[in-house]
Structure formats: C-alpha cells, structure tokens
Amino acid sequence: MPETVPGQVLTWQSQTPGSRVAGATALLLALAGLAVYAAAGPARRAPAEAAL
C-alpha cells in the first residue's frame, strides 16, 4: 500500500533518501527558516552577554 503525500510530509525525516516529497519538504523548511532569519536577524543577546 503506497503512503499518502501528507503522510510522507509528516514523516519526511524518516523517508528514504530518494523521496521527492521528503526532499521538497526539507527544501521548503530550509527556505522558510532562511527567510525568517533574514527578516528577524540573529538572536538578541542579553546586555550582560553583549559585554563579553
């Protein structure tokens, strides 16, 4: 019985390396993370840590 696409997306980390759905999911998550990082910037440091 073939897996459904939503099931493959939810379990993308445990899919086989050749899975197109897992690859597309990983790519979309990486691009979303990059976009959020570009918009928000790096994590803010507490004032005590900034002096180090």
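## Overall architecture

From the N terminus on, the protein chain of this predicted model runs α-α-α. That order reflects three helices and zero strands.

Of the 52 residues in the protein chain, 10% are buried. The accessible surface of the chain is about 4600 Å², and carbon and sulfur atoms account for 69% of that area.

## Helix H1 and Gln8

Helix H1 covers residues 5–10, and Gln8 lies within this helix. Gln8 has a relative accessibility of 17% and therefore counts as buried, since the cut-off for burial is under 20% relative accessible area.

Which residues are in contact with Gln8, leaving aside its neighbours within four places in sequence? The partners are Glu3, Gln15, Ser19 and Val21. One of them, Ser19, belongs to the loop between H1 and H2.

## The loop before H2

Is Ser19 buried or exposed? With a relative accessible area of 14%, Ser19 is buried. This residue of the H1–H2 loop is also in contact with Gln8.

The side chain of Ser19 also has a polar atom 3.2 Å from the backbone nitrogen of Ala22. The separation falls within the 3.5 Å limit used for polar contacts between N or O atoms.

## Helix H2 and its end

Helix H2 spans residues 20–40. It contains 21 residues, and the distance from its first C-alpha to its last is 30 Å, close to the 30 Å expected at 1.5 Å a residue.

What is the phi of Gly41, just after H2? Gly41 takes a positive value there, about 80 degrees.

## A nonpolar patch

Leu27, Leu31 and Leu34 make a nonpolar patch on the surface, with an area of about 310 Å². Leu27 is part of helix H2. At 52% relative accessibility, Leu27 counts as exposed, because the exposed class begins over 50%.

An α-helix has 3.6 residues a turn, so residues three or four places apart point the same way.

## Summary of the residues described

Two residues described here are buried: Gln8, at 17% relative accessibility, and Ser19, at 14% relative accessible area. Gln8 sits in H1, whereas Ser19 lies in the loop that leads from H1 to H2. Leu27, in H2, is exposed at 52% and contributes to the nonpolar patch together with Leu31 and Leu34.

Methods:
Residues are numbered from 1 along each chain as its sequence is written. This is a predicted model: local features need pLDDT of at least 70, side-chain atom pairs count only at pLDDT 80 or more; totals for chains, interfaces and linings use all residues. Side-chain values use heavy atoms; hydrogens and water are left out. Helices (H or I, at least four residues) and strands (E, at least two) are DSSP runs, numbered from the N terminus. Buried means under 20% relative accessible area, exposed over 50%, partly exposed in between (1.4 Å probe, protein chains only). Accessible areas come from the Shrake-Rupley method with a 1.4 Å probe; for residues, only the protein chains shown count as cover. Contact means heavy atoms within 4.5 Å. Patches are made of residues with over 30% relative accessible area and no salt bridge: like charges are joined within 9 Å, nonpolar side chains (Val, Leu, Ile, Met, Phe, Trp, Tyr) within 5 Å. A salt bridge is a side-chain nitrogen of Lys or Arg within 4 Å of a carboxyl oxygen of Asp or Glu. A polar contact is a pair of N or O atoms within 3.5 Å; within protein, one must be able to donate a hydrogen and the other to accept it, and residues adjacent in sequence count only if both atoms are side-chain atoms. The expected span of a helix is 1.5 Å times one less than its number of residues.
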